[in-house]
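Visitor: I'm new to this one and would love a close look at a single part, the inside of the fold. Could you walk me through it?

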Amino acid sequence: MKLASLKSGRDGRLVVVSDDLAYYADAGHIVATLQGALDDWERHESALRNLATDLEHGTIPRERFHEREAAAPLPRAYQWADGSAYVNHVALVRQARGAEMPETFWHDPLMYQGGSDGFLGPRDNIPLADEAWGCDLEAEVVVVTGDVPQGVSAADALNYIRLVGLTNDVSLRNLIPGELAKGFGFFHSKPASSFSPVLVTPDGLGSRWAGGKLRGALEVELNGQPFGRADAGEDMTFDFGTLIAHAAKSRSLGAGTIIGSGTVSNRDIDGGPGKPVAAGGLGYSCIAEVRMVETILDGAPATGFLKAGDRVAITMRDDKHHPIFGTIDQQVVAA
């Protein structure tokens, strides 16, 4: 089942979307918003699934689904916690600045709590007030949970995943060092993130969803050129069950909590840093990573961060080459 929110007020209007993303059916007679559905999932899930079946069979009124009309599936959320499940990405960051990576990073996930009071839609512009801030894309996988009890095990945590999708976790790289130096975490360096047009229930992903991981190439394009093709199921040190259990160590999580994977990152086939797509590699899911590789190999970065006019696209395709979650397609504009 695929769910989306059309732009309407602060919290959007919940719709069920066909598997091919061509049509939608309004779900307002069941529940008005996605947050409302998540708050009482056990009550609403069956009716939403029945609506999805009727939509696929063409037995109910339907409208064309246009991704430009979609808000983020959750236009605002009670919680957005982003992890760093791909330790390869973390290792490159530290290697580029000559820092040793603590052994604990391999068994204790990194996680920060981001702003969730307003997200960008999949086709909304990325506003940038100052190009000197070092604006970067970050292509990631996300899950949305139901109510999660404190102390849940990693295995049991998988039972609380309601939906899966993609995000562009926008970062302002040049603001990060100053914030981390204060010892109190991100704030200015993490503006609003954007999300894929639709979220999908785990069972709707078939064999691509297994063991708390989403498998498949996460396609990233920058200004129309292939930038990343990393497989989200490879080199993922911490599955989503582990990330959710980590977040719920000392508190319960409310329905509608979004958990991010962190930047998807693959090693090269020889075990070293990834190569650009143009060089036959799987590329990168953020600009910072290619800059790290350039620093390691050449002593200094050559690739610049995003500037006004740049366009970023993020998607994942099924076996028929059709987008599973729709496409995040955004242009950077001067704020």
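**A look inside**

Guide: Let's start with the whole chain: its secondary structure comes to seven helices and 20 strands, where helices (H or I, at least four residues) and strands (E, at least two) are DSSP runs numbered from the N terminus. The chain is as compact as a globular protein of its length, because its radius of gyration is 19 Å, close to the 20 Å that the globule rule gives for 335 residues; that radius is taken over C-alpha atoms, and the rule is 2.2 Å times the number of residues to the power 0.38.

A word on the source: this is a predicted model, where local features need pLDDT of at least 70, side-chain atom pairs count only at pLDDT 80 or more, and totals for chains, interfaces and linings use all residues. Residues are numbered from 1 along each chain as its sequence is written, and side-chain values use heavy atoms, leaving out hydrogens and water.

Now inside. Of the 335 residues, 53% count as buried, meaning under 20% relative accessible area with a 1.4 Å probe, protein chains only. The largest nonpolar core has 70 residues, and V164, L166, L214, F240 and F325 have the most contacts inside it. Such a core is a set of buried Ala, Val, Leu, Ile, Met, Phe, Trp, Tyr and Cys residues joined through side-chain atoms within 4.5 Å.

Zoom in on V164: leaving aside neighbours within four places in sequence, its contacts (heavy atoms within 4.5 Å) include V141, L199, P202, W209, L214 and F325. There's also a second, separate core of 29 residues, with L48, V142, V144 and I258 among them.

How values were computed:
Buried means under 20% relative accessible area, exposed over 50%, partly exposed in between (1.4 Å probe, protein chains only).
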